[in-house]
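Let's take a walk through this structure together. Please keep the viewer open and follow the residues as they come up.

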Amino acid sequence: MGKKVTMAQIAAAAGVSQPTVSLVLNGMADSMRIKESTRHKVLETAKQLGYQRVTPNSLQGKRRIAFVLDGAIITNDHFITALNEANVRANELGLVLCQLDTAGNERGRELVKKELQSGLYKGVIIATNVTTDDILAYDSGLPTVYLNCIPRDNLDVYAILPDDYGGAYDLTRLIAAKYQHPLIVAGDEWMRATIDRIRAMRAAFREQHVNITSEEIIYTDWSFKNAYTLTLEYLQDSSKQRPDVILCGSDFLATAVYQAVYKCGLSIPDDLAITGFDDQPLALNLTPTLTTVELPYSEMGSLAVDSLNQIIDLSDNRQQIKRLRGRVLVRESTML
């Protein structure tokens, strides 16, 4: 049997992001409004590379694992790529992945815990769509892997998380070598991902003897309206140094920043550069295309299933925290 063709290989060959490949191959291109030409290119590339998706014909004789989403997920959430890839990898290993959702409330968590104690499952993946170190530990008695989260009351767990600090540092190190007047447009101030990314951005600029002050950081609560309004106010304030680069906490926030920049009559990247974070499908659909950092959710989803399968087979209580670093994707919104 030949070596498995991965979604990352298809993405590289097709010249699109890995989340785009995941959405197309899992039949979600329409819901995400992915262009028909892009969908066709992904499918043709997958066919040429020999990609094959394995699906179980029935539950009979197959081991079940649970994928518990502690919170809600929506169709345009990029974390859905982790769930899709976890399901694909489970099928390839002959496992049946059953999704359980707590709806983010205590009643839902109690129902999920009872389901996990039913004896139907060999192991469980506990996942959140927002990176956090502040969830309650699940004591189901089953082999457990935490995905995108760590329990606040128990650090002796097996967990897989994105390396937000590392990804932000890699991107900002490139930016800081060329640009001298940064502005950060961030999400929620309290979020672990926001804290880690801002620490990394500040560290990379300090290496170039540039200090990012608190006045040069805008917190938006991940709101498109706030990102647009606050960025516009900043750019129109004559008492402030106009930034030559705006580092956005997500690709979604970057779309609002684009509008604010254009409202001021400025050009991207001639007047100022913009970067994002996440590598959502929209990053390639912006004009100019957006320089960003991928969140390696596809790899994380697959690794969570592989790790859980090994823990089940080895019957051990493995304790490890793995952080996966996403790639920097340089595109037209910066002059790098």
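A good place to start is helix 9 (residues 251–263), which holds both tyrosine 258 and tyrosine 262, four residues apart, about one turn of the helix. Helices here are DSSP runs of H or I with at least four residues, strands are E runs of at least two, and both are numbered from the N terminus. Before going further, note that this is a predicted model: local features need pLDDT of at least 70, side-chain atom pairs count only at pLDDT 80 or more, and totals for chains, interfaces and linings use all residues. Residues are numbered from 1 along each chain as its sequence is written, and side-chain values use heavy atoms, with hydrogens and water left out.

How are the rings of tyrosine 258 and tyrosine 262 arranged? Their centres are 6.2 Å apart and their planes stand at 90°, so the pair is edge-to-face. For the terms, rings of Phe, Tyr and Trp (its six-membered ring) pair if their centres lie within 6.5 Å; planes under 30 degrees apart count as stacked, over 60 as edge-to-face and the rest as tilted. Tyrosine 258 is buried at a relative accessible area of 3%, while tyrosine 262 is partly exposed at 40%. Here buried means under 20% relative accessible area, exposed means over 50%, and partly exposed is in between (1.4 Å probe, protein chains only).

The structure holds three aromatic pairs. Another of them joins phenylalanine 79 and tyrosine 297, whose ring centres are 5.0 Å apart with planes at 85°, so this pair is edge-to-face. It links distant parts of the chain: phenylalanine 79 sits in the loop between strand 1 and helix 4 (80–92), tyrosine 297 belongs to helix 10, and 218 residues separate them. Phenylalanine 79 is buried, with a relative accessible area of 0%, and tyrosine 297 is buried too, at 3%.

Helix 10 (residues 297–314) also takes part in a salt bridge, between arginine 63 and aspartate 313. Their closest approach, N to O, is 3.1 Å. A salt bridge here is a side-chain nitrogen of Lys or Arg within 4 Å of a carboxyl oxygen of Asp or Glu. Arginine 63 lies in strand 1 (residues 63–69), 250 residues from aspartate 313. Arginine 63 is partly exposed at 29% relative accessibility, and aspartate 313 is partly exposed at 48%.

In the whole structure, a search finds 16 salt bridges. Arginine 197 and aspartate 164 form one of them, with the closest N and O atoms 2.8 Å apart. This pair ties helix 7 to helix 6 (residues 164–176) across 33 residues of chain. Are these two partners buried or exposed? Arginine 197 is buried at 7% relative accessible area, and aspartate 164 is buried at 3%. A more local example is glutamate 106 with arginine 109, at 2.9 Å between the closest N and O atoms; both lie in helix 5 (residues 106–116), three residues apart. Finally, Asp133, Arg192, Asp196 and Arg199 are linked in a network of salt bridges.

Now turn to the sheet. It is an open sheet of four strands in the order 7-6-8-9, with parallel pairing, where two strands pair if DSSP finds at least two bridges between them. Strand 7 and strand 9 (273–275) stand at the edges with a single partner strand each, so one side of each is left without a neighbour in the sheet. On average, neighbouring strands are turned by 15° against each other, direction ignored.

Strand 6 (residues 182–186) has five of its five residues buried. Pro182, Ile184 and Ala186 point one way from this strand, and Leu183 and Val185 the other way. In a regular strand the side chains alternate between the two faces of the sheet. Four bridges join strand 6 to strand 8 (residues 245–248), where cysteine 248 is the bridge partner of valine 185. Three bridges join strand 6 to strand 7 (residues 217–219), and isoleucine 184 stands opposite isoleucine 217 there.

Technical notes. Axes fitted to C-alpha atoms, helices over the stretch in contact; angles between N-to-C directions.
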